[in-house]
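Student: I would like to go through this model with you, beginning with the overall fold and then turning to the interior and the surface. Here is the entry.

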Amino acid sequence: MSQKSEWFDAAAESELRPGACRTVDADGVFIAVFNVDGHYYAIEDVCSHEEEILSTGTFEGCEITCPRHGARFSVVTGAALSEPAYEPVATFPVRVQGGWVQVRNERIYVTA
Ligand code: FES
């Protein structure tokens, strides 16, 4: 995991079941990877409101709720879905390769 453009293993597919979340540190970028009904998504694990760790919040359906002030985010698009957050969080490319859920450290932001 030395270059930003490389894919790296975030979790074994067998360990990231539907409804589960895993977190990884990609060279100092904290990324949370989610399984939503068999589809994998990754977002930056930092709330856009006041930088709380999102993955310690409640993950339900395709949304994560920040544990500090309750803002909700889409884990699919990174969009902020409720106050007090207005800015999205970054998403990251995800793929499955050889039984591993892999993420690339390349931030993508939704545009309104
Ligand atoms: S820090 Fe996440 S809603 Fe305030």
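Student: How many helices and strands does the protein have?
Tutor: This is a predicted model, and the protein has 0 helices and 10 strands. From the N terminus on, the order of elements is β-β-β-β-β-β-β-β-β-β.

Student: Why is it described as being as compact as a globular protein of that length?
Tutor: The radius of gyration is 13 Å, close to the 13 Å that the globule rule gives for 112 residues, so the protein is as compact as a globular protein of that length. Along the principal axes, the C-alpha atoms fill a box of roughly 40 × 30 × 25 Å.

Student: Now the interior. Which residues touch the most other members of the largest nonpolar core?
Tutor: That core has 16 residues, and those with the most contacts to other members are Phe8, Leu16, Ile31, Val33, Ala42, Phe92 and Val103.

Student: Which strands each supply at least two residues of this core?
Tutor: They are β1 (7-12), β2 (21-26), β3 (29-36), β4 (39-44) and β10 (100-104). A second, separate core has 14 residues, including Ala32, Val36, Phe59 and Cys66.

Student: What share of the protein is buried?
Tutor: Buried residues account for 39% of the 112 residues.

Student: And the surface: how much of it belongs to carbon and sulfur atoms?
Tutor: The accessible surface is about 6100 Å², and 46% of that belongs to carbon and sulfur atoms.

Student: Last topic, charges. How far apart are the mean positions of the positive and negative charges?
Tutor: The protein has 8 positive and 17 negative charges, and their mean positions are 4 Å apart.

Note on methods:
Residues numbered from 1 in each chain as written. Predicted model: local features only at pLDDT ≥ 70, side-chain atom pairs only at ≥ 80, totals over all residues. Heavy atoms only, no water. Core = buried A, V, L, I, M, F, W, Y, C linked by side-chain atoms within 4.5 Å. Buried < 20%, exposed > 50% of the residue type's maximum accessible area, 1.4 Å probe, protein only. Helix = DSSP H or I, 4+ residues; strand = E, 2+ residues; numbered from the N terminus. Rg over C-alpha atoms; globule rule 2.2 N^0.38 Å. Areas by Shrake-Rupley, 256 points an atom, 1.4 Å probe, with all protein chains shown as cover. Lys, Arg positive; Asp, Glu negative; His and termini not counted. Charge placed at Lys NZ, Arg CZ, Asp CG, Glu CD.
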